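Subject: Handing over a structure

Dear colleague,

I am passing on the structure below, together with some notes on what turned up in it. Please keep it open beside you while you read.

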Amino acid sequence: MNICVIGTGYVGLVTGTVFADLGNEVICIDKVKEKIDSLNKSIMPIYEPGLEEMVKRNVIDKRLFFSTDLQGAVERAEIIFICVGTPPKDNGETDLSFVEETAKGIAKYINGYKIIVNKSTVPVGTGDFVRQVIENNKTDNANFDVVSNPEFLREGSAITDALSPDRIIIGAPTKQVAVKLLELYATIGKPMLITDVYSAEMIKYASNAFLAMKISFINAIADICELTGANITDVTKGVGYDSRIGHAFLNAGLGFGGSCFPKDIQSLVHTAERFSYDFKLLKDVLDINKERVSHFIKIIRDKLVPAEPAPAVVSRGHKQGMGDLQGKVIGILGLSFKPDTDDMRDAKSVEIINILLNEGAVIKAYDPVAIENARKILPDIYYCTSPYEVADGADAIVIITEWREFKLLNMERIKNLMSKPFIFDGRNIYDTERMRKMGFEYYSIGRL
Ligand code: UDX
């Protein structure tokens, strides 16, 4: 099939590449010329395991093309995928201006029947909006249909997720249109569900909201574990064995970040509000998530700076006795919002590091792939080339992202390099007993 993918962000680039790998002819379009130029030289704009190899292979085989020529791509394509960004506005509402601009572009060049597929995460009703924008702006008398086909891929495992999704959702206005999409996905051999367009749009938000709810739920339970002396690792294991619940997305820690969950949950709350439904449950999910960082910082302060009798003196915007980290050397392991990605969007590291800096700490940090991106957001810290360099002379190590390599460190060496053996583990990657036996002052989440 001839496919056009508009937008070469995470979703667009991975989707286009995977469709090409499945044997289709795909043109990926972006308005940013530098990005297209780089992609044409096989330079990836993101770090994603397996992506570069797959792009190269399909470019060589002449199934995958990158271009800024929207007209040519729209004219050739049978199916056009909209994969542009849908950032949040200040009030949580989804900003659809890129979707609108794209729909206008399609309208300008449409020259015959096309299926237009929304893959971007968009609020219920956006299918109607896209249809309207194209109807109002098209110059040709061409027919078209608008489909919702949400994407569920995760950063860090995007290729595997796109090639082997749990399900494929096709929200189509008619059976004939759905069948065309079924054909496209047939080789993947995964369950496909055909729904109306509204339901498909809602499935994406409901899925992300449910997963975020699981995370906030287990984080709340972790807080209660800390208060009562229960151990969140054992609690999670025990709860997860219930097949109705499962173990996935029950890792307590610093909460969820990234480019999807925070914005999508806010967007769903906003959509509900538009229909006068107060989605209190999801507001709590967001509130619990927001409190993760301050809770973690409190643990760090309490342990690193033993409480003194509190004088009523205020210095640098915070009260002494609350914990002053002036001059403490703190090593950070992990900067990206989760492992296997260089994405720093809504990464907990940014919030945590800024608070520590504000309290006078000196920060040394290491991440396997996100340092280049981190430098742009966190210019005032020292970047290291290994976890051991981070440990050298550190008063404490703070684990923010659970990269696999951190689980395999030589902890004896780490301890010997540190000034003081404090470890604050925001992702519970180590065994409490083992760490304490090794002589670490080890503090984690939901485990005493
Ligand atoms: C998510 C959805 O999983 C995916 O289906 C959708 O298409 C896009 O949004 P992504 O943001 O790439 O994917 O990452 P994900 O693996 O879902 O993790 C999201 C956040 O939740 C991360 O910050 C992660 O650290 C956190 N998380 C995840 C937890 O804190 N605990 C967990 O148990 C799982």
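Before the notes begin, one term is needed: a crossover is called right-handed if, with the strands pointing away from the viewer, the path from the first strand over the helix to the second runs clockwise. Please also bear in mind throughout that this is a predicted model.

With that term in hand, we can look at strand E4 (residues 79-82), which together with helix H5 (residues 97-109) and strand E5 makes a right-handed β-α-β unit. A right-handed unit of this kind is also made by E5, helix H6 (residues 126-137) and strand E6, and E5 therefore takes part in both units.

How is E5 paired with the strands beside it? E4 and E5 run parallel and are joined by four bridges, with phenylalanine 81 standing opposite valine 117 of E5. E5 also pairs in the parallel sense with E6 (residues 144-148), here over five bridges, and in that pairing asparagine 118 has serine 148 of E6 as its bridge partner. As general background, the strands of a sheet pair through backbone hydrogen bonds, and they do so in either a parallel or an antiparallel way.

Is E5 itself enclosed or open? Five of the five residues of this strand (residues 114-118) are buried, so E5 is largely enclosed by the rest of the structure. Lys114, Ile116 and Asn118 point one way from the strand, while Ile115 and Val117 point the other way, and all of them are buried.

Helix H8 (residues 175-185) gives another picture, with Val177, Ala178, Leu181, Leu184 and Tyr185 as its buried residues. Seen down the axis of H8, these buried residues fall within an arc of 110 degrees, so they line one face of the helix. Lys175 and Gln176, on the other side of H8, are exposed.

Further along the chain there is an open sheet of six strands, in the order E13-E12-E11-E14-E15-E16, and the pairing is parallel. Its edge strands, each pairing on one side only, are E13 (382-383) and E16 (441-443).

Within this sheet, E14 (residues 396-399) pairs in the parallel sense with E15 (residues 422-425) over four bridges, where isoleucine 397 has isoleucine 423 as its bridge partner and valine 398 stands opposite phenylalanine 424. E14 also runs parallel to E11, to which four bridges join it, and here isoleucine 399 of E14 is the bridge partner of leucine 333. Both faces of E14 are covered, since Ala396 and Val398 on one side and Ile397 and Ile399 on the other are all buried.

Helix H12 (residues 280-304) lies across E11 (329-333), E14, E15 and E16, and runs at about 165 degrees to E15.

Finally, there is a pair of helices to find, H9 (residues 197-228) and H11 (residues 261-274), whose axes come within 9 Å and cross at roughly 115 degrees. The crossing of H9 and H11 is left-handed, and among the residues that meet there are Tyr205, Leu211 and Ile215 in H9, with Phe261, Ile265 and Leu268 in H11.

With best wishes

Conventions
Residues numbered from 1 in each chain as written. Predicted model: local features only at pLDDT ≥ 70, side-chain atom pairs only at ≥ 80, totals over all residues. Heavy atoms only, no water. Buried < 20%, exposed > 50% of the residue type's maximum accessible area, 1.4 Å probe, protein only. Helix = DSSP H or I, 4+ residues; strand = E, 2+ residues; numbered from the N terminus. Pairing = 2+ DSSP bridges. Arc of directions from axis to C-beta. Contact = heavy atoms within 4.5 Å. Axes fitted to C-alpha atoms, helices over the stretch in contact; angles between N-to-C directions. Left-handed = near helix turned anticlockwise from the far one by under 90°.
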